[in-house]
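Work through the exercises below with the sequence and the model at hand. Try each task before you read its solution.

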Amino acid sequence: MRFRGDLNKLEGKTVLMLGNEAVAWGALEGGIGVATAYPGTPSSEIVESLVDAARELGFWSEWAVNEKVAFEIAYSAAISGINALVAMKHVGMNVAADPLMSSAYTGVRGSLVIVTADDPSMWSSQNEQDNRYYGLHAYIPVFEPHSPSEAKELTKYLFDLSRRIGHPVILRMTTRISHTRGPVKLGKINVMEPKGKFIKEDRFVLIPANARRNRLEMLRRWEKIKEEIEHIPFNKVEGEGDALIVAPGIAYAYVKEVVRELGLEGRVRVLKLSSVVPVPRGLLLRALDGVKRVLVVEELEDIVEKEVKAVVAEESLGVEVKGKEIVGYPYELTLARVRKSIQAFLGHVPAEEVSKGGTVTGLPVRPPVLCPGCPYRPLFTEVRRLINQERLSVVAAGDIGCYSLGYNKPYRLQDIIIEMGGSIGTGIGLANFTDDVVISIIGDSTFFHAGLPPLANAVYMKSPLVVIVLDNMVTAMTGHQPSPSTKGVPGRRYIPIEEAAKGLGVRFVKVIDPFDMKEVRKTVLEAIKFARENSEPAVIVARRRCALEVVRDLRRAGVKVPPYIVLEDKCIACRLCYDFFACPAIFAKDDGKAYIDPELCVGCGACAQVCPTKAIVPAEKYDKDKVESFWR
Amino acid sequence: MVLNIVVVGVGGQGILSLSRMIGEAALAHGWDVRVAETHGLSQRGGSVIVHVRIGKEVMAPTISEGEADLMLALELIEAARYSYYLRHGSFAIVNDKAIKPSLPGTKVPQPEELKKTVEGVAKVRYLSASETAIALGNPVGANMVIFGYFSRIAEEAGIYSIEEARKMAAGVGGKRYGPINERLFMKGAEYALRDGVGDIAVFVKERLST
């Protein structure tokens with residue numbers, strides 16, 4: 001949800017908000033001046049919520065090309081005295097890690113609130129790295145909320161903390177906070193103009209002599225942070241007893257509910273922690289007073305557990321500390337898992353296992369698919385066909401975006417997916433050190449995110465690589481955020497990808513329409529030939545707008561597009577359209593002939609060229625040129 | 001305690017908005033609510049489950065396997081897939097429609113088989129929400145029919161008032177689809193009246209009070 005309209009009127013209201021929206025509102029209350037990010041699930045809604053509000057309230061909120069640049073923009077704003085927020089998904093922090101490490105050395109003059117949205121259970125990510133480690137690594141304190149409401153309060157508080165201590169702070173969200181709605185009471189908006197002043201100081205010049213001094217300053221600020229977190233209201237000890245459960249971040253939500261459910265309220269002690277790096281030592285010692293046994297319930301890694309064990313050892317407390325051996329490392333916590341852990345810890349016999357409902361075997365899987373009208377489908381279909389027909393030994397180096405779905409049958413055109421921009425970098429290694437034809441497939445937003453340096457590298461080392469940039473002119477998968485490949489963003493300049501490629505020295509650059517399957521075939525074959533003969537990269541830009549956006553725009557413009565239909569008498573049940581082209585709007589009837597669901601068909605017409613008997617036609621005549629103009 | 005509802009179906013069927021409307025209606029009546037959504041890749045026509053939890057105080061965002069009291073399903077295969085979330089003796093309200101996954105060579109089990117799976121654990125009410133939605137002119141309005149059906153239960157169980165929920169439904173979809181959505185909501189409420197949902201309401205009320 002984008003914050004729109006007169007937002008000040010919402011003050012005092014309680015709204016059902018996503019955790020991410022709560023963070024965005026917390027930033028409004030905390031005095032935001034600059035918000036920036038690169039989109040990535042589960043973090044995208046934070047800056048998305050603020051885009052319109054920024055315009056109306058007079059602060060600045062915009063997407064950057066990647067997390068590193070986003071970080072640098074927010075960081076330099078914070079150095080100039082502005083209150084800044086930068087958001088990213090957990091793996092985005094790997095991209096931003098370089099300036100992140102330096103930010104703790106220089107410190108800031110305004111606020112720098114760094115939001116990382118981690119993804120335990122990997123709902124939409126390549127790993128479930130625990131970014132609390134970045135806090136330990138970089139000397140940046142990490143805070144974790146247990147609910148959307150607390151996410152808002154913490155964000156607001158962190159703007160204040162960061163500015164007072166002059167140090168960056170990390171707010172760590174996880175999918176189940178970011179994408180869970182809960183009641184949030186909205187407070188007073190208080191934003192600042194994105195106007196700062198850079199005051200020249202040696203600490204901002206990280207040459208060795210200054211860095212050595214900064215290192216000592218950083219350690220002094222770290223001590224201040226340690227003192228500060230001893231007294232924040234987000235941490236507290238509840239209940240009594242000689243057994244202590246330590247519950248950082250979201251773990252508190254599960255622990256609290258289980259403790260109540262098992263009737264243990266008041267009979268065990270619970271240490272709720274929202275500041276997890278560093279762990280408040282004094283508070284921990286008070287919580288440990290009179291305690292014989294401790295269970296640390298935390299999601300993913302044993303970061304707080306190690307700290308508790310260290311404190312117990314240093315103070316020779318002789319307290320038994322359990323954690324991961326009971327709770328386990330991988331995947332997100334659940335009520336059942338936390339209940340079982342607490343029962344095991346307390347030596348309770350668990351109630352009889354709840355018998356689960358039916359699981360049916362042989363249920364068809366339902367993975368996400370490319371949408372009807374997706375411009376990538378005809379290209380994938382044709383590339384797969386030419387590989388099969390020409391008997392080419394191809395490795396398709398894939399990347400992160402909607403086109404990752406090309407991994408699925410029938411296309412099978414993502415043989416390796418590692419990280420953002422990885423298609424070109426891994427493509428170089430594969431092209432130079434194997435005998436296969438290597439085709440790197442990367443999206444437009446991903447190309448600007450991390451495709452430029454490896455493409456320069458491919459040109460420089462003369463790598464025989466074919467790069468297909470799937471250019472739908474928007475960051476589609478995360479919700480259509482603009483990128484430099486997006487035309488018509490007010491006040492922003494469009495960068496054609498072919499110009500970028502030529503600028504980097506690529507000598508084979510062609511722009512094609514992915515809907516024109518003949519052109520796709522011809523150009524890809526040419527590119528393979530060029531790359532092999534000249535031992536250098538060839539770039540194909542396949543440009544057509546995202547179908548979801550086109551359908552939306554057609555509807556808004558009131559342009560009617562008829563669905564396509566299958567002419568019963570002409571269809572020979574060859575299966576090409578539904579099994580090989582595989583549009584989700586085309587189904588097989590019992591006799592094997594094709595049927596197009598008129599509710600799903602968007603009328604793109606791409607399937608018509610797959611049909612060998614011309615049996616697929618529009619249901620009625622329409623203005624093709626007019627509709628086509630929306631797709632460009 | 002807490003009422004656990006899983007809302008399941010196929011990405012694009014309006015599962016997120018259905019869950020959110022239920023959450024907002026309950027919140028407006030003073031309940032604590034958590035709605036744990038599925039975003040990102042799962043929205044591209046994939047299988048979707050949303051966890052809705054309502055109670056005096058709700059802490060955890062998700063429902064564990066075998067602990068859901070109620071299922072609202074917009075599609076049969078997904079109802080069967082997620083039936084392991086239901087506890088024995090729970091209830092399921094299921095749209096009587098199977099959508100074939102778009103994967104080459106996929107075979108779909110017979111509807112009877114899918115239904116048996118859900119019926120093995122829960123008492124099931126089927127309704128032709130999709131048919132109703134198509135007939136009334138909003139092909140993607142099956143979620144509104146389910147919303148109306150559930151809201152009748154919510155009213156009888158004292159969670160929120162059906163009248164305010166109806167206004168919410170009417171407020172979705174602008175001038176063109178708002179009135180249709182309101183009619184779809186009323187249809188759903190009508191189906192609930194026809195089927196009689198007193199047993200579900202009693203069950204739900206009990207979950208909320210114990």
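**Exercise 1. A strand in chain A**

Task: Decide how many of the 7 residues of strand S4 (residues 83-89) of chain A are buried, and what follows for the strand.

Solution. The model is a predicted one.
Step 1: A residue counts as buried if 20 or more other C-beta atoms lie within 10 Å of its own.
Step 2: By this cut-off, 7 of the 7 residues of S4(A) are buried, so the strand is largely enclosed by the rest of the structure.
Step 3: In a regular strand the side chains alternate between the two faces of the sheet.
Step 4: One side of S4(A) holds A:Asn83, A:Leu85, A:Ala87 and A:Lys89, the other holds A:Ala84, A:Val86 and A:Met88, and both faces are covered.

**Exercise 2. The neighbours of that strand**

Task: Find which strands pair with S4(A), and state whether they run parallel or antiparallel to it.

Solution.
Step 1: Strand S2 (residues 34-37) of chain A is joined to S4(A) by 4 bridges, and the two run parallel.
Step 2: One bridge to locate is that of A:Ala35, whose partner in S4(A) is A:Leu85.
Step 3: Strand S5 (residues 111-118) of chain A also pairs with S4(A) in the parallel sense, over 7 bridges.
Step 4: Here A:Lys89 stands opposite A:Ala117 in S5(A).

**Exercise 3. One residue in chain A**

Task: Describe the surroundings of A:Leu158: is the residue buried or exposed, and which residues does it touch?

Solution.
Step 1: A:Leu158 belongs to helix H7 (residues 148-165) of chain A.
Step 2: There are 26 other C-beta atoms within 10 Å of A:Leu158, so this residue is buried.
Step 3: Leaving out residues up to four places away in sequence, A:Leu158 touches A:Val113, A:Phe143, A:Val169 and A:Leu171.
Step 4: For a distance across the chain, take A:Ala247, which is 89 residues from A:Leu158 in sequence and 20 Å from it in space, C-alpha to C-alpha.

**Exercise 4. The two chains as wholes**

Task: For chain A and then for chain B, compare the radius of gyration with the value expected for a globule.

Solution.
Step 1: Chain A has 23 helices and 23 strands.
Step 2: Its radius of gyration is 28 Å, close to the 26 Å that the globule rule gives for 632 residues, so chain A is as compact as a globular protein of that length.
Step 3: The C-alpha trace of chain A spans about 85 × 65 × 55 Å along its principal axes, and buried residues make up 52% of the chain.
Step 4: Of the contacts in chain A between residues at least 6 apart in sequence, 79% join residues at least 24 apart.
Step 5: Chain B has 8 helices and 6 strands, in the order β-α-β-β-β-α-β-α-β-α-α-α-α-α from the N terminus on.
Step 6: A compact globule of 210 residues would have a radius of gyration near 17 Å, and the 16 Å of chain B agrees with this.
Step 7: Along its principal axes the C-alpha trace of chain B spans about 50 × 40 × 35 Å, and 62% of its residues are buried.
Step 8: Of the contacts in chain B between residues at least 6 apart in sequence, 68% join residues at least 24 apart.

**Exercise 5. A helix with two sides**

Task: Work out which residues of helix H8 (residues 198-209) of chain B are buried and which are exposed on the other side.

Solution.
Step 1: H8(B) has 12 residues and reaches 16 Å from its first C-alpha to its last, close to the 16 Å expected at 1.5 Å a residue.
Step 2: Its buried residues are B:Ile200, B:Phe203, B:Val204 and B:Arg207.
Step 3: These four lie on the same side of H8(B), because they cover an arc of only 95° around the axis.
Step 4: The general reason is that an α-helix has 3.6 residues a turn, so residues three or four places apart point the same way.
Step 5: On the other side of H8(B), the exposed residues are B:Gly198, B:Val202 and B:Ser209.
Step 6: The buried residues pack against strand S1 (2-10), strand S4 (68-73), strand S5 (86-95) and helix H5 (142-156) of chain B.

**Exercise 6. Where the chains touch**

Task: Determine which element gives the most residues to the side of chain B that touches chain A.

Solution.
Step 1: The contact involves 52 residues of chain B and 41 residues of chain A.
Step 2: In chain B, helix H1 (15-28), strand S2 (32-36), helix H2 (76-81) and S5 each supply at least two residues of this side.
Step 3: S2(B) gives the most, with 5 residues.
Step 4: By kind, the residues of this side of chain B are 22 nonpolar, 18 polar and 12 charged.
Step 5: S2(B) is also joined by 2 bridges to strand S8 (residues 180-185) of chain A, and these strands run antiparallel.
Step 6: A:Thr180 has B:Ala36 as its bridge partner in S2(B).

Note on methods
Residues are numbered from 1 along each chain as its sequence is written. Chains are lettered from A and ligands numbered from 1 in the order in which they are written. This is a predicted model: local features need pLDDT of at least 70, side-chain atom pairs count only at pLDDT 80 or more; totals for chains, interfaces and linings use all residues. The expected span of a helix is 1.5 Å times one less than its number of residues. A residue is buried if 20 or more other C-beta atoms lie within 10 Å of its own, exposed if 12 or fewer, and partly exposed in between; C-beta atoms are placed from the backbone. The arc is that of the directions from the helix axis to the C-beta atoms. Two residues are in contact if their C-beta atoms, placed from the backbone, lie within 7 Å. Ala, Val, Leu, Ile, Met, Phe, Trp, Tyr, Cys and Pro count as nonpolar, Asp, Glu, Lys and Arg as charged, and the others, Gly among them, as polar. Two strands pair if DSSP finds at least two bridges between them. The radius of gyration is taken over C-alpha atoms; the globule rule is 2.2 Å times the number of residues to the power 0.38.
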